[in-house]
2 protein chains.
Amino acid sequence: MALSHAIMTALLEEDLSGYDLAKKFDMSLGFFWQASHQQIYQELKKMLERGWLSPDTVEQAGKPNKILYALTSEGKAALDDWVVSETKSRSAKEDLYVKLYNIGHCDPEPLIGEIADRQLQCQRQLELYLKIKDRHYGEPETLAINRKGIYLALSAGIRQQQMHIEWCDEALELLGAIA
Amino acid sequence: MALSHAIMTALLEEDLSGYDLAKKFDMSLGFFWQASHQQIYQELKKMLERGWLSPDTVEQAGKPNKILYALTSEGKAALDDWVVSETKSRSAKEDLYVKLYNIGHCDPEPLIGEIADRQLQCQRQLELYLKIKDRHYGEPETLAINRKGIYLALSAGIRQQQMHIEWCDEALELLGAIA
DNA sequence: ATATAATATGCATAAAGTTGCATAGTCAAA
DNA sequence: TTTGACTATGCAACTTTATGCATATTATAT
């Protein structure tokens, strides 16, 4: 019952099709929540049944028809309820850390390689986040309340990447990939 | 196909029962992987069918009988295969950050309260991690390779808690809970 | 002409995870 | 003596997430 809320959050700004949502979950919102198009279409179906969305088929020139979804007042109410409800923490699951427990009896090279790859990915992601921050969230204190919220999510993303890059440094050094 | 590998990782050190595993997933290994006892018993059943474990019923004085599970060579091989295989990254899913996108049209107090609670939890967790580090992983460079791996997982946990505590500070200040 | 990429939606199945329920023995405290 | 806590295992139903397959239109490049 959480993908639906992420979808509704995206629909707050503007009406979107399943395809649009899939793209959005690949970018921006997707920094903190990911979903495949299959999952999105399934969830949209359920949300329609619950009356949280209203569909609108749009004919397009040069493209297949699409179905735009808009939040209904019931959907809005469900979203508001969720936001102020208790956040159940998902149990942190990190394959890489569990794998590290096994490094003594396996070839460590593949793991070291993965850590190096990750560091590069994090660096790219961090650059993107920093660009967004500079362009749109330069002075957080002056933002309206809703933009402050989005800024904080972005800030969490930035901190996460930075933290992880530093950890990769430590790991690569300790495992002898550098030294 | 990952809980099974976390279970086998725990069984590397010593034979354990489902109950033991549930406790372990509530501590130590559980810092990076969590599972309920129901899930563990289900998974153990599947792993037996696959021949990854061998069971051994142990009668106990003053306690119900328990079933100790040991890794078979097939299990060990499956674990080794997994460790050197590509790590598929789980999509980061953080309800709290998605909720932050909605802070403009809801009462912000519940969210602020949750951030404050989280910060306290993180502080407690961090203290625990630091204690473990001081006691068992004081000089990481001098550790054997397998203990280096465990240390790195611990280090990731420490960095994560520290990072999150700092973020909570920023969030609470920006949302006016302090200032 | 034909292949490829982008747009657009969906079904079926499987794996993973959650929640509620059920059972049963031992021990200590009230 | 009964209540609660700890040890110990498990089923059933459900939700959530993932994976593979399937289809159809249009635009662009070869």
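**A pocket and two helix pairs in a predicted model**

In this predicted model, α1(A) contributes the largest share of the lining of the second largest pocket, namely 4 residues. The pocket makes a convenient place to begin. Its space amounts to about 530 Å³, and 20 residues line the second largest pocket. Of these, A:E13, A:S28, A:Y137, A:I150 and B:Y101 lie nearest the centre. Three helices of chain A, α1 (3-13), α6 (109-136) and α7, each supply at least two residues of the lining. By class, the lining of the second largest pocket comprises 12 nonpolar, 5 polar and 3 charged residues.

Two annotated spans of chain A can be set beside this picture. According to UniProt, in an unreviewed entry, residues 9-80 of chain A carry the feature "domain: Transcription regulator PadR N-terminal". In the model, the chain over residues 9-80 is 47% helix and 17% strand, and the C-alpha atoms at the two ends of that span are 10 Å apart. For residues 93-175 of chain A, UniProt lists "domain: Transcription regulator PadR C-terminal", again from an unreviewed entry. Residues 93-175 are 77% helix and 0% strand, with 22 Å between the end C-alpha atoms.

Helix packing comes next, and a brief reminder may help. A packed pair of helices is described by the distance between the two axes and the angle between them. Between the chains, helix α7 (residues 145-174) of chain A meets helix α7 (residues 145-174) of chain B: the axes come within 10 Å and cross at roughly 155 degrees. Because angles over 145 degrees count as roughly antiparallel, α7(A) is roughly antiparallel to α7(B). The crossing of α7(A) with α7(B) is right-handed, and the residues in this contact are 14 nonpolar, 4 polar and 8 charged.

Within chain B, how do the axes of helix α6 and α7(B) cross? The axes of helix α6 (residues 109-136) of chain B and α7(B) come within 9 Å, at a crossing angle of roughly 150 degrees. This pair, α6(B) and α7(B), is therefore also described as roughly antiparallel. Here the crossing is left-handed, and the contact of α6(B) with α7(B) contains 16 nonpolar, 8 polar and 4 charged residues.

How values were computed
Residues are numbered from 1 along each chain as its sequence is written. Chains are lettered from A and ligands numbered from 1 in the order in which they are written. This is a predicted model: local features need pLDDT of at least 70, side-chain atom pairs count only at pLDDT 80 or more; totals for chains, interfaces and linings use all residues. Side-chain values use heavy atoms; hydrogens and water are left out. UniProt positions are given in the numbering used here, feature names are shortened, and annotations may be inferred rather than shown by experiment. Axes are lines fitted to C-alpha atoms, for helices over the stretch in contact, and angles run from 0 to 180 degrees between N-to-C directions. Angles under 35 degrees count as roughly parallel, over 145 as roughly antiparallel, 65 to 115 as roughly perpendicular and the rest as oblique. A crossing is left-handed if the near helix is turned anticlockwise from the far one by less than a right angle, and right-handed if clockwise. Ala, Val, Leu, Ile, Met, Phe, Trp, Tyr, Cys and Pro count as nonpolar, Asp, Glu, Lys and Arg as charged, and the others, Gly among them, as polar. On a 1 Å grid over the protein atoms alone, a cavity is a set of points where a 1.4 Å probe fits but cannot get out, and a pocket is an open set with protein on both sides within 12 Å along at least five of seven lines; lining residues have an atom within 4 Å of a point. Grid points are joined across faces, edges and corners, and a volume is the space filled by probe spheres set on the points.
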